Amino acid sequence: MGVYNVHERLLPGSRDELGALIDRLAGGDDALWPHGAWPRMRFDAALGVGASGGHGPVRYHVAAYVPGTWVRFTFDGPRGFDGFHEYVVLPAGADRTTLRHTLAMRARGPARLTWPLLWRPLHDALLEDSMDGAERALTGTVRTPARWTPYVRLLRGLASRLGGR
């Protein structure tokens with residue numbers, strides 16, 4: 001099953017300002033990854049090609065990185081996730097920039113069921129929280145904060161009871 005999932009937000013600010021958020025991913029001053037509500041993104045080395053890690057049970061390594069512009073992660077797990085996810089900064093005119101997150105993969109085996117039933121709703125909520133984080137970092141506020149669906153709240157409640165976050 002092919003999966004193509006995109007989240008993006010048009011934000012005030014320069015490419016350099018938004019690119020700095022990508023460069024700080026998984027660092028001590030990470031304002032892009034919503035680590036307050038989701039498992040923290042961690043790597044075995046500084047953000048750069050070859051660094052390996054992930055968040056929670058989702059594992060990946062940095063396959064490509066252009067500082068201030070783009071980072072691509074190739075999945076190492078869960079089983080059946082064959083593909084990548086990435087953040088990219090795109091100029092969108094004077095003092096406006098688009099932050100885009102793309103996930104492209106082939107779901108095979110168990111992931112054919114777990115992606116649509118479990119992973120996609122959680123992924124979508126996490127990415128909207130990430131977009132909120134970028135907006136907050138650039139403007140100090142979020143005009144229309146993302147809201148978790150009842151199903152996402154249920155999944156998160158189940159995960160916390162099972163020892164996850």
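This section describes the nonpolar core, the helix geometry, the salt bridges and the backbone exceptions of a predicted model.

The largest nonpolar core comprises 37 residues, of which Leu25, Phe73, Tyr87 and Leu99 touch the most other members. Contributions of at least two residues each come from strand 1 (2-12), helix 1 (15-23), strand 4 (58-66), strand 5 (70-77), strand 6 (81-91), strand 7 (96-107), helix 2 and helix 3 (150-161). With nine residues, helix 2 gives the most to this core. In soluble globular proteins, nonpolar side chains tend to be buried together. The surroundings of Leu25 can be listed in full: beyond residues up to four places away in sequence, Leu25 touches Asp30, Leu32, Trp33, Met41, Leu47, Val71, Phe73 and Tyr87. Two of the residues in this list, Phe73 and Tyr87, are themselves named with Leu25 among the core members that touch the most others.

Helix 2 spans residues 111-139 and is bent by about 50 degrees at Trp119. A proline, Pro121, follows the bend within four residues. Just after helix 2, the backbone at Gly140 adopts a positive phi of about 90 degrees. Helix 2 also takes part in a nonpolar surface feature, since helix 2 and helix 3 are the elements that give two or more residues to the nonpolar patch. This patch, of about 560 Å², is formed by Leu113, Leu117, Leu118, Tyr151, Leu154 and Leu158. Within the patch, Leu117 belongs to helix 2; its relative accessible area of 52% places Leu117 in the exposed class, because that class begins over 50%.

The loop between helix 2 and helix 3 contains Ala146. Ala146 is partly exposed, at 27% relative accessibility. Residues up to four places away in sequence aside, Ala146 is in contact with Glu128, Asp129 and Asp132. The C-alpha atoms of Ala146 and the patch residue Leu113 are 26 Å apart in space, for a sequence separation of 33 residues.

Nine salt bridges are present in the structure. Side chains of opposite charge can pair when their charged atoms come close. One of these pairs joins Glu128 to Arg9, with an N to O distance of 3.2 Å. Glu128 is in helix 2 and Arg9 in strand 1, so this salt bridge ties together parts that are 119 residues apart in sequence. The two partners fall into separate accessibility classes: Glu128 is partly exposed at 26%, whereas Arg9 is buried at 14%. Arg9 and Glu128 also belong to a network of salt bridges with Asp132 and Glu135. Glu128 and Asp132 of this network are among the residues that Ala146 touches.

A second salt bridge is formed between the side chains of Glu86 and Arg72, at 2.8 Å from N to O. Here strand 6, which holds Glu86, is linked to strand 5, which holds Arg72, across 14 residues of sequence. Glu86 is buried, with a relative accessible area of 10%, while Arg72 is partly exposed, with 25%. Strand 6 supplies the acidic partner of a further pair as well: Asp82 in strand 6 is joined to Arg108 in the loop between strand 7 and helix 2, and the two are 26 residues apart. The N to O distance in the salt bridge of Asp82 and Arg108 is 2.4 Å. In this pair Asp82 is partly exposed at 31% relative accessibility, and Arg108 is likewise partly exposed at 34%.

Most residues other than glycine have a negative phi, and most peptide bonds are trans. Several positions in the model depart from these tendencies. The peptide bond from Gly77 to Pro78 is cis, with omega near 10 degrees, and Pro78 is placed in the loop between strand 5 and strand 6. A positive phi, near 70 degrees, is found at Ala26, a residue of the loop between helix 1 and strand 2 (42-43). Ala26 is partly exposed, at 26% relative accessibility. Asp95 likewise has a positive phi, near 55 degrees, and lies in the loop between strand 6 and strand 7. The relative accessible area of Asp95 is 62%, and this residue is therefore classed as exposed.

Methods: Residues are numbered from 1 along each chain as its sequence is written. This is a predicted model: local features need pLDDT of at least 70, side-chain atom pairs count only at pLDDT 80 or more; totals for chains, interfaces and linings use all residues. Side-chain values use heavy atoms; hydrogens and water are left out. The bend at a residue is the angle between axes fitted to the seven residues ending there and the seven starting there. A nonpolar core is a set of buried Ala, Val, Leu, Ile, Met, Phe, Trp, Tyr and Cys residues joined through side-chain atoms within 4.5 Å. Buried means under 20% relative accessible area, exposed over 50%, partly exposed in between (1.4 Å probe, protein chains only). Contact means heavy atoms within 4.5 Å. Patches are made of residues with over 30% relative accessible area and no salt bridge: like charges are joined within 9 Å, nonpolar side chains (Val, Leu, Ile, Met, Phe, Trp, Tyr) within 5 Å. Accessible areas come from the Shrake-Rupley method with a 1.4 Å probe; for residues, only the protein chains shown count as cover. A salt bridge is a side-chain nitrogen of Lys or Arg within 4 Å of a carboxyl oxygen of Asp or Glu.
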